[in-house]
Amino acid sequence: MAVTKETNMKRRSHAALILGLLLGLCWPGGTSRAEPTTDDKANARRLMGVAKRFIQEKNHTKAIEAFTSAYNHWPRKEIQFNIALVYLEKGDRIKAYEHLSRYWRVSTPEERSRLPAPLLRLRNELGTLRVRASDPAMGIRVGGTDRGKGSVELVMEPGVHKVEVVVDGEVVQEKSLRVMGGAEVLWEAEPPRPGTAPGAGATEPPKPQVPDRRKLHLGYFVAAASLAVAAFVRDHMKEKG
């Protein structure tokens with residue numbers, strides 16, 4: 001029962017944060033991709049009001065739809081962390097992180113520092129895995145699941161994840177990548193060389209040259225024998241002289 005109470009308290013605090021942030025979105029400010037028209041802004045404000053009502057009704061899906069429509073009318077970056085908060089309230093950490101990342105990329109360090117604590121914690125708990133294949137036709141498989149072709153960007157739980165590059169159903173490259181919380185890992189997969197086994201590519205370091213002791217001993221023997229023969233010839237010549 002205590003766990004349920006704590007969970008409900010967290011959800012209420014998330015909802016309160018969302019509603020508080022909504023008020024700030026009704027005023028000028030923020031950034032957008034292009035200057036919206038007066039009608040776009042009016043529609044965005046109306047849809048944010050709709051989203052607020054759905055949040056109060058605990059209808060997360062409809063609230064996200066309303067926020068998304070508002071963003072399409074007026075692409076303010078702050079709407080992205082509102083969407084992130086709703087997903088977090090819904091219990092979908094991956095989707096919450098995806099929308100948080102969209103805000104993170106276009107915000108300043110000062111703006112990031114003012115993010116609600118639940119989103120800052122989430123930012124440090126999950127990571128991003130990016131794979132770029134040199135050929136857009138190459139399939140990318142992560143953890144045994146097909147994730148797309150050419151280039152993928154995935155929000156992942158921390159840990160080691162197996163990534164495979166697939167061509168015509170065959171794995172041509174594979175690599176294990178470690179994802180860490182609050183960080184991004186990138187693998188730029190190049191086309192494999194002909195005859196290269198999956199996962200290959202790293203060459204073994206050259207082995208140190210160890211001298212052959214048998215050759216060494218033979219060399220010493222030949223040198224010693226040569227000196228002995230020379231000494232014998234010299235002594236023999238002395239005797240004849």
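At what angle do H4 and helix H7 pack, and how far apart are their axes? The angle is about 80 degrees, and the axes lie 10 Å apart. This model is predicted.

## Overview

The protein has 241 residues, and 33% of them are buried. Its secondary structure comprises eight helices and seven strands. About 15400 Å² is exposed, with 56% of that area coming from carbon and sulfur atoms.

Many contacts bridge separate parts of the sequence. Take the contacts between residues at least 6 apart in sequence: 56% of these join residues at least 24 apart.

## H4 against H7

Two packed helices are described by the angle between their axes and the distance between the axes. Helix H7 covers residues 117-125, and its angle with H4 is about 80 degrees. H4 is therefore roughly perpendicular to H7, since angles of 65 to 115 degrees fall in that class.

Which residues of H4 and H7 meet? H4 brings Phe81, Ala84, Leu85 and Leu88. H7 brings Pro118, Leu119 and Leu122. The contact holds seven nonpolar residues, no polar ones and no charged ones.

## H4 against H5

H4 runs over residues 77-90, and H5 over residues 93-106. These two helices pack at about 165 degrees, and 8 Å separates their axes. H4 is therefore roughly antiparallel to H5, because an angle over 145 degrees counts as such. The crossing of H4 past H5 is left-handed.

On the H4 side, the contact includes Lys77, Glu78, Gln80 and Phe81. Ile83, Ala84, Tyr87 and Leu88 of H4 also take part. H5 answers with Arg93, Lys95, Ala96, His99, Leu100, Arg102, Tyr103 and Val106. By type, the residues of this contact are nine nonpolar, two polar and five charged.

Phe81, Ala84 and Leu88 appear in the H4 contact with H5. Phe81, Ala84 and Leu88 also appear in the H4 contact with H7.

## Two residues of the H4 and H5 contact

Is glutamate 78 buried or exposed? Glutamate 78 sits in helix H4. Its relative accessibility is 14%, so it counts as buried; the cut-off for buried is under 20%. Serine 107 is 29 residues away along the chain, yet its C-alpha atom is 9.2 Å from that of glutamate 78.

Valine 106 belongs to helix H5. With 48% relative accessibility, valine 106 counts as partly exposed. Valine 106 and lysine 77 are also 29 residues apart in sequence, and their C-alpha atoms are 7.4 Å apart. Both residues belong to the contact of H4 with H5.

## Positive phi in two loops

Most residues other than glycine have a negative phi, and most peptide bonds are trans. Two loop residues have a positive phi here.

Where does lysine 58 lie? Lysine 58 is in the loop that links helix H2 (38-56) to helix H3 (60-73). Its phi is about 60 degrees, although lysine 58 is not a glycine. Lysine 58 has 44% relative accessibility, so it counts as partly exposed.

Aspartate 168 is in a loop between two strands, S5 (159-167) and S6 (170-179). Aspartate 168 is not a glycine either, and its positive phi is about 50 degrees. At 77% relative accessibility, aspartate 168 counts as exposed, because the cut-off for exposed is over 50%.

Technical notes
Residues numbered from 1 in each chain as written. Predicted model: local features only at pLDDT ≥ 70, side-chain atom pairs only at ≥ 80, totals over all residues. Heavy atoms only, no water. Axes fitted to C-alpha atoms, helices over the stretch in contact; angles between N-to-C directions. Helix = DSSP H or I, 4+ residues; strand = E, 2+ residues; numbered from the N terminus. Parallel < 35°, antiparallel > 145°, perpendicular 65-115°, else oblique. Left-handed = near helix turned anticlockwise from the far one by under 90°. Contact = heavy atoms within 4.5 Å. Nonpolar A, V, L, I, M, F, W, Y, C, P; charged D, E, K, R; others polar. Buried < 20%, exposed > 50% of the residue type's maximum accessible area, 1.4 Å probe, protein only. Areas by Shrake-Rupley, 256 points an atom, 1.4 Å probe, with all protein chains shown as cover.
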